Amino acid sequence: MQNWIETREGCSRNGLLRTQLLVRDSRKIAIRYLSTWFLMDVASTIPFEALGYLFTGKSNVGISYSLLGLLRFWRLRRVKQLFTRLEKDIRFSYFWIRCARLKAVTLFLVHCAGCLYYLLADRYPHQGKTWLGSVNPNFRETSLWIRYISALYWSITTMTTVGYGDLHAVNTMEMIFIIFYMLFNLGLTAYIIGNMTNLVVEGTRWTMEFVRIVSNFVSRNRLPPRLKEQILAYMCLRFKAESLNQQQLIEQLPKSIYTGICQHLFLPTVEKVYLFDGISREILQHLVAKMKAEYIPPREDVIMQNEAPDDVYIIVSGEVEIIDCEMEKEMVIGTLHSGDIFGEIGALCCRPQRFTFRTKTLSQLLRLRTTDLIESMQTRQEDNVAVLKNFLQHNKRLKDLKIGGLVVEGGDEDGDPKDIGINLLNVADIGNAAFLDELLKARLDPDIGDSKGRTPLHIAASRGHEDCVLALLKHACNVHLRDIDGNTALWDAISTKHHSIFRILYHCAAISDPFTAGDLLCMAAKRNNQAAMQELLKHGLNVDAKDRHGLTALQIAMKEKHEDMVNLLVLNGADVINANTYEFSSESLNEMLLKREVGHRITVPDTTSSEALLEKLKGEPTGKPDKQNIRTCKGEHL
């Protein structure tokens, strides 16, 4: 049973391979342990004296069995590791742990020296010519406890150089042993004095100072227990991971060696990340060279909810929990393991982090800055498309977790580019202009339509997402496309009263199509949409503008017998002379003309100049439009 326990402990200690990566595979741990200290650990647990008694039937076995029993000293290295861990644990006093270690070493050496000195007396052929026989001729007949005390007494008096003279060497073998023992004591005394001096003067200064500062800080600010545990865990990790913290070392190496080390340690893990599936090896190597390895203790927040998306993390080892914090209540909605990535949604979508990511166990993470990820994606067009494709498909599979809100409606799991392009509609609907721009840079079709023929420009214009509209126009989308109802993005913008978007779209559309104003006015007149007509006239569209069929809005309104629309157009200065008045009541038209003689006022927002719109399309800010009152009288056009 003891052998099995020590074997398990040996396996746990070998969980760290030479690469300093935390290995959790029990098979790899067992293989490494079998090839290192397994035989010595097993040999140190075998009871050779008991086996000697079993085989020979004698309790006093020979010298060979006693020498094999010395293998038990191998187990002392466990005691050394225990003291090392206690010294680095700030929950205990470093000074007293160090003193206890020095005392334990001293007592152990005193014990070993006394036992060896007694062994010389016991094995000497002449019982009376030994250090113990000269004082007690029948010492073998005395109790074992008295003999042990006598040997311990001699060892301590010799080590402390007191030497009372009551117990002294008698034969040559004892004299030789004492010579070497006293020479050894010189080194041991120097070791103990040096350590005690170091403890008093230098050794405890940093640790004790930090413990004092942390204790005062926690008590003064009344920090909750969780934060106190995180501080203690961080400092324990700092001590425990001194040999694991390889980043500081490899950063001092030349770039070529540094890159080679990073590729050897982390490239296999990065290749397993879903986001980089199908990426060229050159880009992967470039990304790995930009990553920084970090060890994070358990229960520490790596990314906070609503935090700026500055970094992306890849899990090399350990576990990370996804936590949703609502109304000071935390709910764990998932757990990430080795090979998973987190923080990429906020990075690619340029939005605050939606969840808190907290380590569940001691974890090694690779940290990659968002700017480095974006720059690497834009290096090659094929890799950019592949990354976005992987990202969208992964979010489709995780739609139950509501991560990012990007879900493909329809399409297969194979990630067809046409299906991925549908995500442009989702992103335009959400209003994430940064991610929309990344998708468009990947050369996805900006004019893709849904089942109703609505393009991303339709959706962004109707939702009022001006940044998305500017991103689509920058990538040369078609502003003249119509949905199945015949609506353009211009019509959606004016119908939802998003005036700034309408001015941007109208400026772009009027350049390529001279009938833009006439088409919009005629559509409003045909649908008898007086609200849209009023908004169009407020934006300065010529009330007598003709559509591509040569008709004006007044002619369409007369033809459709929309009397209220005709009245609105006439009052705003529509030309009734060239209109076909035979299809409309002349009496009603005359009444409208009489009203126009009086005149009326309408409020018109100042239209943005062409130069300002061009600057806005380039991303330069423009001032807010002012409002001015324009009086319209007979014959005047807006």
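Colleague: Which residues of α26 are buried?
Modeller: This is a predicted model. Buried here means under 20% relative accessible area. In α26 (530-538), the residues that meet this are A532, M533, E535, L536 and L537.

Colleague: What covers the buried residues of α26?
Modeller: The cover includes helices that come before α26 and after it in the chain. From the part after α26 come α27 (553-559) and α28 (563-571). From the part before, the cover includes α23 (489-495), α24 (499-512) and α25 (516-526).

Colleague: Which residue caps the N-terminal end of α26?
Modeller: Look at the backbone nitrogen of A531. A side-chain oxygen lies 3.4 Å from that nitrogen. The residue that supplies this oxygen is N529.

Colleague: Which residue with a positive phi follows α26?
Modeller: Past the helix, look for a phi near 90°. That positive value belongs to G540.

Colleague: Is H539 buried or exposed?
Modeller: H539 sits in the loop between α26 and α27. Its relative accessible area is 7%. The cut-off for buried is under 20%. Because 7% falls under that cut-off, H539 is buried.

Colleague: With which side chain does the side chain of H539 make a polar contact?
Modeller: A polar contact needs a pair of N or O atoms within 3.5 Å. The side chain of H539 has such a contact at 2.8 Å. The partner is the side chain of H499.

Colleague: Is T161 buried or exposed?
Modeller: T161 is found in the loop between α8 (144-159) and α9 (172-203). Its phi is positive, about 60°, although T161 is not a glycine. Most residues other than glycine have a negative phi. With a relative accessible area of 64%, T161 is exposed.

Colleague: What is the phi of N306?
Modeller: N306 lies in the loop between β2 (301-303) and β3 (311-317). At 60% relative accessibility, N306 counts as exposed. N306 is a residue other than glycine, yet its phi is positive, near 65°.

Colleague: What is the volume of the largest cavity?
Modeller: The structure holds 1 cavity of 30 Å³ or more. Its lining includes F276, I279 and D383. The volume is about 40 Å³.

Colleague: Which helix supplies the largest share of the lining of the largest cavity?
Modeller: The lining divides into 7 nonpolar residues, 1 polar and 1 charged. At least two residues each come from α14 (281-290), α16 (370-377) and α17 (381-397). The largest share is 3 residues, and the helix that gives them is α16.

Notes. Residues numbered from 1 in each chain as written. Predicted model: local features only at pLDDT ≥ 70, side-chain atom pairs only at ≥ 80, totals over all residues. Heavy atoms only, no water. 1 Å grid on protein atoms, 1.4 Å probe; cavity = no way out; pocket = protein on both sides within 12 Å on 5 of 7 lines; lining within 4 Å. Points joined across faces, edges and corners; volume = space filled by probe spheres on them. Helix = DSSP H or I, 4+ residues; strand = E, 2+ residues; numbered from the N terminus. Nonpolar A, V, L, I, M, F, W, Y, C, P; charged D, E, K, R; others polar. Buried < 20%, exposed > 50% of the residue type's maximum accessible area, 1.4 Å probe, protein only. Polar contact = N/O pair within 3.5 Å; in protein donor to acceptor, adjacent residues only side chain to side chain. Contact = heavy atoms within 4.5 Å.
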